[in-house]
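Trainee: Hi, I've got this model open and could use some company going through it. Can we start with where the chains meet?
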Amino acid sequence: MNKILAALLAALALGCATTETAVPPAPPEKPAAPPPAPPATPAPTPGSPPTPDAAFRAQQPAPLPGTPTFDAPVPVVKKLKNGVEVWVVENPAIPVVAVEVVIKSGVNAEPIEKAGLADLVVSLLDEGTRTRPADKLAEAIEDLAMRLNANAGREDIRVHMNSLTEALPQALDLMADVLLNPAFRPEDVSRVKDQKITDLLQKKGVPQALAADEMGRLLFGAKHPWGQPDGGTPETIRAITPADLQKFHDTWFRPNNAVVVVSGDVKVDQMVKMLDERLGAWKAKPLPKLSLPALPDLKARTVTFVDMPNASQSQVWVAGRVMNAKSPDAVVLRTINFALGGMFTSRLNMNLREVHGYSYGVRSAVEAARTYGTLMAYGGIVAKNTSEALKEYEDELARFASGGITGEELAKSKNAFIRTMPSRLETNDAVASAYGTVAFYELGPDYYKTLPAKISAVTPADATRVAKVVTAERWPVIIVGPAQENADKVKKLELGPVELKAVPSSGGGAGSSVGVK
Amino acid sequence: MFRHVLLMAGAALLFALPARAADPQIKFEKYQMPNGLTVILAEDHRLPQVAVDIWYHVGAANQTKGKSGFAHLFEHMMFSGAKHIGPTPFKILEGIGTTGGAMANGTTNFDRTNYFEVVPSNELPTALWMESDRMAFLLDTLDEKKLAIQRNVVSNERRQSFENRPYGTAVLRMMDVLFPQPHPFYDSTIGTIAEIQSASLDEIKAFFRQFYGVNNASLVLVGDFQPDTAKKLVEQYFGPIPRGPEVPVPAPNQPALAKEIRETVNDKVAEVPKLGIAWTGVRAMTPEEPAGDMLASILGDGRTCRLYKRLVLEKKLAAGVDAANTTTRIAGIFNVDVVANAGFTNEQLLPEVQAILDDVKKNGVTEAELERAKRKVTAARLREVERIGGFGGKADLLNAYEMYAGDPGFLPKDLARYRAVTAQQVKDFANAYLPDDHRLIQFVVPAAKTAER
């Protein structure tokens, strides 16, 4: 592709433009320190005369009149003839249409000895259907310049499609074929399994992925599907057969286990008609009931230290379980998390990065999902400061839990949450995915429309009450970094028993860093 | 005429495909202020936000010998504060509700450095106040201490993003072979740690005075603003900044490879081998550029490309493939990458890749392949204009066309360049620019397994 555009997208490894690397840390400074006194104006230099100073530059300017308001779109909800719920947002601004199909089962439906099954199923959906071999299917998809991808999460699977409006009927044909008729041919299964095993091997050097795997095991339990390494292990991948894939698909890819969300340049009725025509053959079937082990009680605190001897940084994570998305408190926690670790000027980042210089950035993230919730504080720490940094995490989490946040922090958190919403719903892809989540969590089609009012209504008392869910004194600590210089110092913090582990030799580590969003 | 050629060429394929939609259009207004600042305004009232995007026309291409990584190091200094805004621009941005690296950031490439933020529409004054302060009053607070911190931050960035990332070292080595010193691309945009650490305060200040003049920048606003108000604000904050020195566009500087070079690169982080082949390429906006892009797409994009079909689908030797036609104002690179599946070696990959290259040079590409590559370009541009700014989006597209073509409205002409490409031109490009006897072949191997290569 044209590299002018590629450079814009800043995806080229030759550039330096990932979010992480492009944001330079500001210099450490004491929080209460006054701004430095302005030095004398520098002497004029050839070719670059100074700009005359002016009074209006001294202060941050007032905003323009009027308050910008964002009216989030409210999808129209319809039903297909076979019962599938369809949510549609009409958006004629750009001639593209995004479609997100949510299958309401994911990793939770995997047997643990076949961990990685859901991921393998979605990876093989577009590797050939009953009527289209893998190469012909790829050609058909790319001839339309459409995008089609699928992901497996803990509770759900997402099949996402983006098409130019002009090619929508053909794109929907292909999407429906991939959704309903994947072939799972042995030669394709074998090839994709080899690629997955190569990917798993490559993950041994990725500390975030190893930390995410430990987090899953500790929060959800070693016997629970969510406690397995993300994407499985080479052993579990090898154990998966084409029949396993077919069975998973046949069991869970059912209209009574799905919802379809559409956003783009299309009319509601036209969209429903097109979907009815293509998904009509999709037949409902009763779903088996999952019997999953109970999630472990987080009572006795543990420190898990995965030794990466040569790492220049340690990943330091503290994570626990919190309320799910249905709880009204989820909005409160997501709001006040901005002050804990959800933005640059949050407590964790200012402490660990600005005051102490231990890190290029420490964050906290809340995931309030359909049946579970997590809160994690995480960051990469200069290796030699691992234990000192962990002590600061502990202090910040305890201070947050016991005292909530200040009125000023609450105001800033609300502002950040409300004002980033338009960007988070800017593209049709983003809208389809966001409402896919809302539909799956059963939060109602007016969720985003009413969310700003709910955020605004959070009181200091709410903040103080909900902050107490952070019971970090019982939550697991995960460190991935060099143990030799740090393990003893971590033990001296006396947070709990310290378990020292080696990096899994088979590359059983996790895939993408779950929860680092 | 070009369209006619295309329709003829693609007729067989188009038979089964839908009609093409109209090209995306971006309405904009461009003017230049007396001090030389180029201003481009594009209203877009879909969201209550404005994307502010400043491009300074300075990148790695402007660096001199011994100053690798300078443009990028300087980008970091722009986040260290200025006279009136104080030491932390991010605090100001979060104060107005602009949170997160996707909404506010800076990037450096070979040709330019950019700074952007997406702000609530009523906070446009604060964004312009901040950007004008770091354009006009940066040096007032830039001191040795700030520079020392950023020298270390950038050195760590090199360690993290290249030395400790699979295949990152090989990318730097490729640049060193294709662009030996004193070429400014030596060690890519990131630079060598020794040279980053040797950057002095005086040199950094001189770099700013030379390249960060108001007349070497273009300011793009896209979003929910009233043009009269925006113009007044731009005039208020940027109008008083005096013109700086003229910055000539760097002259073309494309070294040639004298022969085929074969090298083994030991990678401490990678777990499987990677084969890389690189050639010197063509510059941005040259007549050959679109054909090169089409060739890269046909060789290495998606799951229909030739490398994927042969190495991943048929032979099952590889886990991933890529090809790129990288073009800048002074030089270009064409390269092909294949990551092996576990258990296979670069020696098994090379003959397969060579066969693909030989075939393209001898027999060219098919009309179906070319048409597919063209459709991908058009669709990518359309999707790009869905966002107002951030990384990419309309704002960066306008700035890019302004810098590379002198015309923010170049989009339809750009697409026309691609539609005009013929299969013969793609074949000619392969023969002209991908010679076997002037190229770099990199055998990247996991460090502990060097013996197997």
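Trainee: How many residues does the contact take from chain A and from chain B?

Mentor: Happy to help, and keep in mind that this is a predicted model. The contact takes 97 residues from chain A and 130 residues from chain B.

Trainee: And what area do the two chains bury between them?

Mentor: Chain A and chain B bury about 9,900 Å², and 60% of that is on carbon and sulfur atoms.

Trainee: What about charges? How many salt bridges are there between chain A and chain B?

Mentor: The count is eight. One of them joins the side chains of Arg419(A) and Glu123(B), at 3.8 Å from N to O, which falls inside the 4 Å cut-off.

Trainee: Okay, and how many residue pairs are in polar contact across the interface?

Mentor: The rule finds 28 such pairs between chain A and chain B, with both residues at pLDDT 80 or more.

Trainee: Which elements give two or more residues to the chain A side?

Mentor: Among them are α1 (3–9), α4 (134–143), β5 (157–164), α6 (186–202) and α14 (407–419) of chain A. The largest share comes from α6(A), with seven residues.

Trainee: How do the residues on that side divide into nonpolar, polar and charged?

Mentor: For the side of chain A that touches chain B, they split into 50 nonpolar, 27 polar and 20 charged.

Trainee: Switching to the fold of chain B. What is the strand order in the sheet of six strands?

Mentor: That open sheet runs β1-β2-β6-β3-β5-β4 in chain B, with mixed pairing. At its edges are β1 (29–32) and β4 (104–108) of chain B, each with a single partner strand, so one side of each has no neighbour in the sheet. The twist from one strand to the next averages 15 degrees.

Trainee: How do β3 and β6 of chain B pair?

Mentor: They are antiparallel, with seven bridges between β3 (residues 49–56) and β6 (residues 217–223) of chain B. You can find Val50(B) opposite Gly223(B) in β6(B).

Trainee: And which strands form the sheet of five?

Mentor: In order, β7-β11-β8-β10-β9 of chain B, in an open sheet with mixed pairing. Within it, β9(B) and β10 (residues 332–340) of chain B run antiparallel, joined by nine bridges. Asp322(B) stands opposite Asp337(B) in β10(B).

Trainee: Which helix packs on that sheet?

Mentor: Look at α12 (residues 346–363) of chain B, which touches β7, β8 (274–280), β10 and β11 (440–446) of chain B. The direction of α12(B) makes about 40 degrees with that of β8(B).

Key: Residues numbered from 1 in each chain as written. Chains lettered and ligands numbered in written order. Predicted model: local features only at pLDDT ≥ 70, side-chain atom pairs only at ≥ 80, totals over all residues. Heavy atoms only, no water. Contact = heavy atoms within 4.5 Å. Buried area = accessible area lost by both parts, 1.4 Å probe. Polar contact = N/O pair within 3.5 Å; in protein donor to acceptor, adjacent residues only side chain to side chain. Helix = DSSP H or I, 4+ residues; strand = E, 2+ residues; numbered from the N terminus. Nonpolar A, V, L, I, M, F, W, Y, C, P; charged D, E, K, R; others polar. Pairing = 2+ DSSP bridges. Axes fitted to C-alpha atoms, helices over the stretch in contact; angles between N-to-C directions.
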